Amino acid sequence: MVDVSDPVSPVIRTSLPVHGYGLAYAFDEDHVFGSYAGAGDVQLFDMSDQDAPRLMAQADVGADARAMQWMGDHLLVAGFGGVYSVARHCGSTTTGVATEPPAPQANRFLASPNPCNPQTAFRFTLPAAAAVHLRVYDLAGRRVRTLAAGIPLDAGLHALAWDGRDDAGRIVPSGVYLGRLEAGGQRLTARVALVC
């Protein structure tokens, strides 16, 4: 939140605890809905006290929300997986029928926190048990770190930590890195910004 009452000297009053890079926002009186790259959810913040914004609810929409629009008491959220309807106050979701639901696969692959300094965790969900390969690459495509090389994991939510080091134990420089997950015949990529 930036106070621009004096446009010559704007003052940052507070900030929101968000998941990563903002993709879309919707405003409603004292509330802000926001979506973030790689997060797969929409967050609702109460902004009635602008010096202390409060996270009120979080709604899982299964994919990055690229656009949001109010329709009555619901927020329509457009993402890769379809169109979702998020209730104004409770943060619950109901799935729209814009597209067929995706086939079961490893999904919601993201790094959190993102940006990181230096610790982050790559989080993903497996619909069935699978051998998991997870490697971190730089933007030139060079492998930086192997976090999993065919380890068997059960169905469910998993998190594998990365401490910002390469396979030799050296701290890597600040920059953008790619986590690449292979599991159950699926390949997913998540970007993470490392800030040292």
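**Group meeting: a four-stranded sheet and the core around it**

Good morning. I begin with an open sheet of four strands, whose order is 14-13-16-17 and whose pairing is antiparallel. Two strands form its edges, strand 14, residues 143–153, and strand 17, residues 186–194, and each of these pairs on one side only. From one strand to the next, the twist averages 15°. Please keep in mind throughout that this is a predicted model.

Let me place that sheet within the whole chain. The protein has 17 strands and zero helices. Of its 196 residues, 39% are buried. If we take the contacts between residues at least 6 apart in sequence, 43% of them join residues at least 24 apart.

I turn now to strand 16 and its two neighbours. Strand 16 covers residues 175–183, and nine bridges join it to strand 17, the two running antiparallel. Strand 13 is joined to strand 16 by seven bridges, again in an antiparallel arrangement.

Some individual partners may help you to find the register on the screen. V176 has A193 of strand 17 as its bridge partner. R180 is partnered by T189 in strand 17, and E182 by R187 in that strand. Strands 16 and 17 form a hairpin with two residues between them, and G184 in the turn has a positive phi of about 55°. As general background, most residues other than glycine have a negative phi, and most peptide bonds are trans. I shall return to the peptide bonds at the end.

Next, one residue of strand 16 in detail. G179 lies in this strand. Is G179 buried or exposed? Its relative accessible area is 0%, so G179 is buried, the cut-off being under 20%. Which residues does G179 touch, leaving aside those up to four places away in sequence? They are F109, F122, L134, R135, V136, L188, T189 and A190. One of these, V136, has G179 as its bridge partner in strand 16. Towards the other side of the hairpin, the C-alpha atoms of G179 and V192 are separated by 7.5 Å, and the two residues are 13 apart along the chain.

The neighbouring residue in sequence, R180, brings in a ring. R180 lies over the face of Y137, at 4.7 Å from the ring centre.

That leads to the nonpolar core. The largest one has 23 residues, and those with the most contacts inside it are F122, F124, V132, L134, W162 and Y177. Which strands each supply at least two residues of this core? They are strand 11 (107–112), strand 12 (120–126), strand 13 (130–138), strand 14, strand 15 (156–162), strand 16 and strand 17. The four strands of the sheet with which I opened, 14, 13, 16 and 17, are among them.

Let us look at the aromatic residues. The structure holds three aromatic pairs. F109 and F124 form one that is edge-to-face, with 6.3 Å centre to centre and 70° between the planes. F109 belongs to strand 11 and F124 to strand 12, so this pair ties together parts that are 15 residues apart in sequence. Both of these phenylalanines, F109 and F124, are buried.

W162 and Y177 make another edge-to-face pair, at 5.5 Å centre to centre with 65° between the planes. Here too distant parts of the chain are linked, W162 being in strand 15 and Y177 in strand 16, 15 residues apart. W162 has 0% relative accessibility and therefore counts as buried. Y177 is buried as well, with a relative accessible area of 6%.

Ring pairs also link F109, F122 and F124 into a cluster. Two members of that cluster, F109 and F122, appeared earlier among the residues that G179 touches.

Finally, the peptide bonds, as promised. The bond from S112 to P113 is cis, with omega near 0°. The bond from N117 to P118 is also cis, with omega near -15°. Where does P113 lie? P113 is in the loop between strand 11 and strand 12, and P118 is found in that loop as well.

To close, I would point once more to strand 16. Its bridges reach strand 17 and strand 13, it contains the buried G179, and it supplies at least two residues of the largest nonpolar core. Thank you.

Note on methods. Residues numbered from 1 in each chain as written. Predicted model: local features only at pLDDT ≥ 70, side-chain atom pairs only at ≥ 80, totals over all residues. Heavy atoms only, no water. Pairing = 2+ DSSP bridges. Axes fitted to C-alpha atoms, helices over the stretch in contact; angles between N-to-C directions. Core = buried A, V, L, I, M, F, W, Y, C linked by side-chain atoms within 4.5 Å. Buried < 20%, exposed > 50% of the residue type's maximum accessible area, 1.4 Å probe, protein only. Contact = heavy atoms within 4.5 Å. Phe/Tyr/Trp six-rings, centres within 6.5 Å; stacked < 30°, edge-to-face > 60°. Lys NZ or Arg CZ within 6 Å of the ring centre and 35° of its normal.
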